[in-house]
Amino acid sequence: MSLLEPSADSVRPSPEHAVRRVLELALEQATSVDLEAAFAWMTEGRLADELLADWRGLGEEMKAELTRCQDAIRTLKDVTAPQDTMRYGRCAAEMILESDLKGLVSLADKAVQWCEQARHDVITDLGRLIRERRTQFPSAKAAPLGELLEELRQTRARYACSLETYREELQQLSAEEQQRQEYLRSSDSISLHRIRNLSDRQFELLIASLLERDGYEVQRAHGGAGDRGADVIATGGNGERIVVQCKLRRTPSAKIGSPEVQMFNGTARPDHRATHPLMVTNTRFTQDAEAAAARYGITLVDSTALRTWATFGKPLELG
């Protein structure tokens, strides 16, 4: 026998070939129900893999956005860093988004764990008898996969909605910032430093001019003897009657207390028929004054609100 002609003993199938042959024979004998059950198992496994990858990807994307958001908040709270005038508005928008993202990231982390468990359940399901697969087509393992798929859709929608709301808020803040900067460069803008150096009469006239700028008709531009606490009175087209008491202070640390608020409350509505009593100062109100104003329905304008109104030109929002 030639060495080039191997004997029958030397041509034996490898273990791989043997297994392949067994599978081929089993496939030939498989019924359509068997194939459907096997296909269902394969599809469930593929879905489990895809869900796990999708949830992980979404979680990583949201975590990256959360990190950016938290970095922005730290920057906005850093008083030593250059800030625009809308810092508090931007910080509020970032904090709202941060809160939403924390909830979504937590949900994604839990969903990843659920996906991993569902994937494990599908994999181990291979050992079940084909008869059991026939009676559950698709199998019971598909139920949590369907829930995770729907939850993924809803979470993506919530994430997109949070980002859209945040971006719309930033656009609005950017537009308002541009308006503020334009007004700041105009001759109508007046700083708190300049306001502090005004006389009491000039301060009252300034408040009257600001109300007039906002579209109100000024009935009284300044106070005087017998004004009974009404330094400025203005009316609006919707029946508003704004009665203002002005409190100018030379010292920035000086605060307006509750006795002044209570005294103004005693005349604003009874004597002057105010629909919108208003107290304006270039400093601050005490907590007791704020509490009293809340009880009496009096709008307080402190230095921060006055700066927005007089320096940056934003119309006053009446309570």
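The following conversation between a biologist and a modeller goes through the reasons behind several descriptions of a predicted model.

Biologist: Before the details, what does the chain consist of, and how many of its residues count as buried?

Modeller: The chain has ten helices and seven strands, and of its 319 residues 37% count as buried. Its accessible surface comes to about 19000 Å², with 53% of that belonging to carbon and sulfur atoms.

Biologist: Which residues have the most contacts inside the largest nonpolar core, and which helices supply it?

Modeller: That core has 31 residues, and those with the most contacts inside it are Leu-51, Trp-55, Met-62, Leu-148 and Tyr-159. Helix H2 (32-77), helix H3 (87-124) and helix H5 (142-184) each supply at least two residues, and H3 gives the most, with twelve. In soluble globular proteins, nonpolar side chains tend to be buried together.

Biologist: What does Trp-55 touch, once residues up to four places away in sequence are set aside?

Modeller: Trp-55 touches Ala-108, Ala-111, Val-112, Cys-115, Leu-148, Glu-151, Leu-152 and Thr-155. There is also a second, separate core of 23 residues, which includes Phe-203, Ile-207, Ala-234 and Cys-246.

Biologist: Why is the pair Asp-109 and Lys-63 called a salt bridge?

Modeller: The closest N and O atoms of Asp-109 and Lys-63 are 3.1 Å apart, and the cut-off for a side-chain nitrogen of Lys or Arg and a carboxyl oxygen of Asp or Glu is within 4 Å, so the pair qualifies. Asp-109 lies in helix H3 and Lys-63 in helix H2, so the salt bridge ties together parts that are 46 residues apart in sequence.

Biologist: Why are Asp-109 and Lys-63 called partly exposed?

Modeller: Asp-109 has 33% relative accessibility and Lys-63 has 37%. Buried means under 20% and exposed means over 50%, so values in between are called partly exposed.

Biologist: How do you know that Arg-68 and Glu-65 form a salt bridge, and what separates them in helix H2?

Modeller: Their closest N and O atoms are 2.8 Å apart, which lies within the 4 Å cut-off, so the pair is counted as a salt bridge. Arg-68 and Glu-65 are three residues apart in helix H2, and about one helical turn separates them. Arg-68 is partly exposed, with a relative accessible area of 30%, whereas Glu-65, at 17%, is buried because the cut-off for buried is under 20%.

Biologist: What makes Arg-74 exposed, and what is its partner Asp-71 called by comparison?

Modeller: The relative accessible area of Arg-74 is 51%, and exposed means over 50%, so Arg-74 meets that definition. Asp-71, with 35%, is partly exposed. The side chains of Arg-74 and Asp-71 meet in a salt bridge of 2.2 Å, N to O, and the two residues are three residues apart in helix H2, about one helical turn. Elsewhere, salt bridges that share partners join Glu-176, Arg-180, Lys-314 and Glu-317 into one network, and the structure holds 14 salt bridges.

Biologist: Why is Thr-308 called buried, and what is it in contact with?

Modeller: Thr-308, found in helix H10 (residues 303-311), has 19% relative accessibility, and the cut-off is under 20%, so Thr-308 counts as buried. Leaving aside its neighbours within four places in sequence, Thr-308 is in contact with Arg-180, Gly-313 and Lys-314.

Biologist: How do you know that the buried residues of helix H9 line one face?

Modeller: The buried residues of H9 (residues 287-296) are Ala-289, Ala-292 and Ala-293. Seen down the axis of H9, they fall within an arc of 100°, so they line one face of the helix. They pack against strand E4 (255-256), helix H8 (258-268), strand E6 (284-285) and strand E7 (299-301). On the other side of H9, Gln-287, Asp-288, Ala-294 and Arg-295 are exposed, and just after H9 Gly-297 takes a positive phi of about 75°.

Biologist: Finally, what makes the pairing of Asp-271 with Arg-228 a polar contact?

Modeller: The side chains of Asp-271 and Arg-228 make this contact at 2.4 Å, and the cut-off for a pair of N or O atoms is within 3.5 Å, so the distance satisfies it. Asp-271 is found in the loop between H8 and strand E5 (276-281) and is partly exposed, with a relative accessible area of 34%.

Note on methods:
Residues are numbered from 1 along each chain as its sequence is written. This is a predicted model: local features need pLDDT of at least 70, side-chain atom pairs count only at pLDDT 80 or more; totals for chains, interfaces and linings use all residues. Side-chain values use heavy atoms; hydrogens and water are left out. A nonpolar core is a set of buried Ala, Val, Leu, Ile, Met, Phe, Trp, Tyr and Cys residues joined through side-chain atoms within 4.5 Å. Buried means under 20% relative accessible area, exposed over 50%, partly exposed in between (1.4 Å probe, protein chains only). Helices (H or I, at least four residues) and strands (E, at least two) are DSSP runs, numbered from the N terminus. Contact means heavy atoms within 4.5 Å. The arc is that of the directions from the helix axis to the C-beta atoms. Accessible areas come from the Shrake-Rupley method with a 1.4 Å probe; for residues, only the protein chains shown count as cover. A polar contact is a pair of N or O atoms within 3.5 Å; within protein, one must be able to donate a hydrogen and the other to accept it, and residues adjacent in sequence count only if both atoms are side-chain atoms.
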